[in-house]
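Visitor: I am new to protein structures, and I would like to know where the labels come from. Could you show me one and let me ask?

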Amino acid sequence: MAIINVIKFDGIRNRDWLVYRYPGDSFVFGTQLIVGEGQIAVFVRGGKALDYFSPGTYTLATQNIPILQSLINVPFGGRTPFTAEVFFINNTAKLDILWGTTDPISLIDPKYAVRLRVRAFGQFAIRISDYRVFLTQLIGALGGTQIIKYDIVTKYFKGVIVTKIKTIIADIIINQKISALELTPQLEEISEIAKIRLSGEFERFGIEIVNFNIASVNFPDEDFDIINKILAEKAAFDIIGDNRYNVKRSFDVMQTAAGNESGGNLATAGIGIGIGAGAGIAVGNTFANAAGSVMNTPGKMTTCKKCQHSNAEGVKFCSNCGEKLEVAKIECFSCRILVDENAKFCPNCGFSMGKKKCQNCNTENSPGTKFCSECGTKLEG
């Protein structure tokens, strides 16, 4: 059995090592132990981490390895050989460990109702904080390996990180109703949440998370193109206003009807239920007039019924005579949107807004009424 007189490890140039097992296990009291900067030396016997040494030069004696001495029971001051394993642990923080979601998080964005395939990327830093716990958990996995590098240990933790990050991001988007496009301003806060939730997983192995960062949360360009289209349409509607949006929707309905190869007229193609051909033509004229108004006027105006003065849209009282300009709204019987009480047809679905007159008692009934509210006579469609 060869007796070792000096125990030291000069390290690896790129500092990517995490654990180094010294190649030998036979020592004597009086052996010199040299621990470099950024290293911790740990004596292990029987699979248990015992005495450890910080950077410095030591001459092994009973007073500086008391736990090991109590186990081997060698004569005081003698040069009797004893066996133990010595591990050098890298005590510096590893700052540039990268992580990323290998598979996207598939979910529905709560703001745009679009399916997104979200990915997240970032980096983290760790260092060994409890040498005994770390070696106790790791020794069984070391086998006969002499050098353990960071990538072997972090490979396991990256799986844990990805699982936790997916859960955190999905919770924020789905349960807190925050759009994936609005996560960037919260990355610092999300990173801190992730660090707290992951710390317990690392501490079980005697490892401390020094910092944890989510650098980006993104998704494929084709998903972003869909959202861009929605945003462009929304911006156009914000500019032209709700009333003109209704006119545009009416054009969309008519265009769909015109392109319907089944050949149905406007009444059967989505303009309205129960509207005759004549009513359909009237609806078309209404839409045409509305379109002419939209295209020929720079801004929608409201005409005062009393003095015929033109006022800007949204004004509640006439600027010329003071007459109230607001038009009462009634609910469309067919699609339930609010329509001006004077409208003949609903601008959204084309349903007739005219009141039905009873042929028996001449009572006027609300649109959609099938029987007279006064005499019960069945009303014509």
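Visitor: How much area does the protein expose, and what share do carbon and sulfur atoms supply?
Guide: The protein exposes about 21600 Å², and carbon and sulfur atoms supply 52% of it. Accessible areas like this come from the Shrake-Rupley method with a 1.4 Å probe; for residues, only the protein chains shown count as cover. Please keep in mind that this is a predicted model, where local features need pLDDT of at least 70, side-chain atom pairs count only at pLDDT 80 or more, and totals for chains, interfaces and linings use all residues. Residues are numbered from 1 along each chain as its sequence is written, and side-chain values use heavy atoms, with hydrogens and water left out.

Visitor: Why is Phe 43 called buried or exposed?
Guide: Buried means under 20% relative accessible area, exposed over 50%, and partly exposed in between (1.4 Å probe, protein chains only). Phe 43 has 0% relative accessibility, so Phe 43 counts as buried. Phe 53 comes to 4%, and therefore counts as buried too. Over the whole protein of 381 residues, buried ones make up 35%.

Visitor: What makes Phe 43 and Phe 53 an aromatic pair?
Guide: Rings of Phe, Tyr and Trp (its six-membered ring) pair if their centres lie within 6.5 Å; planes under 30 degrees apart count as stacked, over 60 as edge-to-face and the rest as tilted. The structure holds 15 aromatic pairs. For Phe 43 and Phe 53, the centres are 5.7 Å apart and the planes 70° apart, which is edge-to-face. Phe 43 sits in strand E4 and Phe 53 in strand E5, 10 residues apart.

Visitor: Why is the pair of Phe 157 and Phe 205 edge-to-face?
Guide: The ring centres of Phe 157 and Phe 205 are 5.5 Å apart and the planes stand at 90°, so this pair is edge-to-face. Phe 157 belongs to helix H3, while Phe 205 lies in the loop between helix H4 (187-203) and E13, 48 residues away. Phe 157 has 3% relative accessibility, so Phe 157 counts as buried. Both rings belong to one aromatic cluster, together with Trp 99, Phe 124, Tyr 156, Phe 202 and Phe 212.

Visitor: How do you know what counts as a helix or a strand?
Guide: Helices (H or I, at least four residues) and strands (E, at least two) are DSSP runs, numbered from the N terminus. By that rule, the protein has 7 helices and 19 strands.

Visitor: What makes strands E4 and E5 a pair?
Guide: Two strands pair if DSSP finds at least two bridges between them. Strand E4 (residues 39-45) and E5 are joined by 4 bridges and run antiparallel. As an example, Val 44 has Ala 49 in E5 as its bridge partner.

Visitor: Which strands make up the open sheet, and in what order?
Guide: The open sheet has 5 strands in the order E5-E4-E8-E2-E12, with antiparallel pairing. Strand E5 (48-53) and strand E12 (147-149) are the edge strands, since each pairs on one side only.

Visitor: Which strands does E11 pair with?
Guide: Among them is strand E13 (residues 207-218), joined to E11 by 10 bridges and running antiparallel to it. Ala 125 has Asn 211 in E13 as its bridge partner. Strand E9 (residues 94-100) is joined to strand E11 (residues 115-128) by 5 bridges, again antiparallel. There, Lys 94 is partnered by Ile 126.
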